[in-house]
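Thanks for making the time this morning. I would like to walk through one model with you, going slowly and staying with what can be read from the coordinates.

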Amino acid sequence: LSLSASLCDIFLDPGAQEYAANQAREEARHVHAFAMYAKSRFGGQIYGVGDTIGNLLRELVATPVVYKKIVGMQMLIEGVAMGAFTTLHAKALDPVLRRLCQLVMTDEAFHHKFGKIWAHTTMPDLPQEEHDAVEDWALECFNLLLFNLVNAEQKRMMYPQFGLDWQWVRSAVMEAFGDTQRREMMKESTNVFRTLTKTLLKAGIITDRTRASYAMWVDMDQLAAEGDRMVGDDVAEEGIEDLKVINATKRKIVRRING
């Protein structure tokens, strides 16, 4: 929400400013919806963001550098969010939470797409030095998000109630989940980090300079041959079709009232 608002001050193109302002409105809607859900289901208790993600988010909001905001947020963090919402939609037992995630995803899919559009129109014309800076920033963010995936530190406030020390939990998790498990995980077509790598590759943000860093985890040639589908696209598209039906019904009611 804060990052979208800051983009309104940075973008020069009026159309891009309008997009950023609209995303700020949509993000405010998401914050409100999840806050209402948490209050209804759990009494409103919300844990603070973990240190790793929190520091990255604060950096993205504060930076005046456009590519950091677009690549870091619109492409990577929004992509991870789509994966998280897709998982909740698939596994949650509460139908309200499943529906909430789907409706949020109808917005988030377009936010992520904006990042891809920016990359396709911007990256080919960048001077080599600037292109390298964007590429390096993308890899830095990717690694940060990948290794934070099972980071017990971000959930350390939960463990005391079970008599567990978060540092012990972190050590136990690291024994059970390492690089081998990450590689196996990223073989799955629905894995969000596999999809993020494909997004960066097809956007021209991964070149021979950084290709080997991603190839540690996933088959890059296989990714290059695949389509552009994103994790959660099917769920989001189903939600959009539902909204079309709902909005069509509203328009009929308005016409009857006006008539």
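Which residues in helix 2 are buried? Before I answer, please keep in mind that this is a predicted model, and that every value I quote is computed from it. The buried residues of helix 2 are Ala16, Tyr19, Ala20, Gln23, Ala24, Glu26, Glu27, His30, Tyr37 and Ala38, and they pack against helix 1 (2-10), helix 4 (66-91) and helix 5.

As for the helix itself, helix 2 runs over residues 14-42, which is 29 residues, and it reaches 41 Å from its first C-alpha to its last, close to the 42 Å expected at 1.5 Å a residue. At its start, a side-chain oxygen of aspartate 13 comes to within 3.0 Å of the backbone nitrogen of glycine 15, and just after the helix, glycine 43 takes a positive phi of about 80°.

Let me turn to the aromatic residues. The structure holds seven aromatic pairs, and one of these joins tyrosine 37 to phenylalanine 42 in an edge-to-face arrangement, with 6.1 Å centre to centre and 70° between the planes. The two partners differ in their surroundings: tyrosine 37 counts as buried because its relative accessibility is 11%, whereas phenylalanine 42 has a relative accessible area of 58% and is therefore exposed. Tyr19, which I listed among the buried residues of helix 2, forms one aromatic cluster with Phe11 and Phe114. Elsewhere, the charged end of lysine 68 sits over the ring of tryptophan 137, at 4.8 Å from the ring centre.

Next, the nonpolar interior. The largest nonpolar core has 55 residues, and those with the most contacts inside it are Val71, Phe142, Met186, Phe193, Leu200, Ile205 and Tyr214; helix 5 gives the most to this core, with nine residues. If we take leucine 200 and leave out residues up to four places away in sequence, it touches Met75, Leu76, Ala138, Ile205, Ile206 and Tyr214.

Phe193 also appears in a polar contact, since the side chain of asparagine 191 reaches the backbone nitrogen of phenylalanine 193 at 3.0 Å. Asparagine 191 lies in the loop between helix 8 (179-185) and helix 9 (192-202), and with a relative accessible area of 8% it is buried.

I will end with another loop residue, leucine 126, which is placed between helix 5 (95-122) and helix 6 (128-147). Leaving aside its neighbours within four places in sequence, leucine 126 is in contact with His131 and Val134.

Notes: Residues numbered from 1 in each chain as written. Heavy atoms only, no water. Phe/Tyr/Trp six-rings, centres within 6.5 Å; stacked < 30°, edge-to-face > 60°. Buried < 20%, exposed > 50% of the residue type's maximum accessible area, 1.4 Å probe, protein only. Lys NZ or Arg CZ within 6 Å of the ring centre and 35° of its normal. Helix = DSSP H or I, 4+ residues; strand = E, 2+ residues; numbered from the N terminus. Contact = heavy atoms within 4.5 Å. Polar contact = N/O pair within 3.5 Å; in protein donor to acceptor, adjacent residues only side chain to side chain. Core = buried A, V, L, I, M, F, W, Y, C linked by side-chain atoms within 4.5 Å. Expected span 1.5 Å × (residues − 1).
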